[in-house]
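Open the model in your viewer and show the backbone as a cartoon. The stops below go from single residues to the whole chain and then to one helix pair.

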Amino acid sequence: MARLFKPIEPDPELDALLKKVKDLPPMTPAQKRLQRISFAYGNLPEESNRTKEDVARIHDETYGVSTKDG
């Protein structure tokens, strides 16, 4: 079977960053909420008149707000 991708050379800097990320503690519910809001807001069309606060309100109405931090 033919390879779809050509092999790449190892990158020690990238490997170090990946290890650092792997060793991070899991995100808290509050961090996950902010990440979801940021992702949704960042993927809105440029001509959208929604604000980040609108996205946060819609998120919280749909999924609720987590008061747990861990």
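Start by selecting Pro7. This is a predicted model, and in it Pro7 counts as exposed, because its relative accessibility is 59% and the cut-off for exposed is over 50%. Pro7 is found in the segment before helix H1, which covers residues 12-22. Keep Pro7 selected and add Tyr63, which is 56 residues away along the chain. A distance label between their C-alpha atoms should read 42 Å.

Next, select Pro45. Which loop holds Pro45? Pro45 has its place in the loop between H2 and H3. Is Pro45 buried, exposed or partly exposed? Its relative accessibility is 46%, so Pro45 counts as partly exposed. For another distance label, pick the C-alpha atoms of Pro45 and Lys6: they are separated by 34 Å, with the two positions 39 residues apart along the chain.

Now clear the selection and look at the whole chain. The protein has three helices and zero strands, and along the sequence the pattern reads α-α-α. Its radius of gyration is 19 Å, well over the 11 Å that the globule rule gives for 70 residues, so the protein is more spread out than a compact globule. If you draw a box along the principal axes, the C-alpha atoms fill roughly 45 × 35 × 25 Å. Colour by relative accessibility, and 9% of the 70 residues count as buried.

The last stop is a helix pair. Select H2, residues 29-42, together with H3, residues 52-63. Two packed helices are described by the angle between their axes and by the distance between those axes. For H2 and H3, the angle is about 125 degrees and the axes are 9 Å apart. The two helices are therefore oblique to each other: the angle lies outside the 65 to 115 degrees that counts as roughly perpendicular, and roughly antiparallel requires over 145. The crossing of H2 and H3 is right-handed.

Show side chains where the two helices meet. On the H2 side, pick Arg33, Arg36, Ile37, Ser38, Ala40 and Tyr41. On the H3 side, the residues they meet are Lys52, Val55, Ala56, His59 and Asp60. Which classes make up this contact of H2 with H3? Colouring by class gives five nonpolar, two polar and four charged residues.

Methods
Residues numbered from 1 in each chain as written. Predicted model: local features only at pLDDT ≥ 70, side-chain atom pairs only at ≥ 80, totals over all residues. Heavy atoms only, no water. Axes fitted to C-alpha atoms, helices over the stretch in contact; angles between N-to-C directions. Helix = DSSP H or I, 4+ residues; strand = E, 2+ residues; numbered from the N terminus. Parallel < 35°, antiparallel > 145°, perpendicular 65-115°, else oblique. Left-handed = near helix turned anticlockwise from the far one by under 90°. Contact = heavy atoms within 4.5 Å. Nonpolar A, V, L, I, M, F, W, Y, C, P; charged D, E, K, R; others polar. Rg over C-alpha atoms; globule rule 2.2 N^0.38 Å. Buried < 20%, exposed > 50% of the residue type's maximum accessible area, 1.4 Å probe, protein only.
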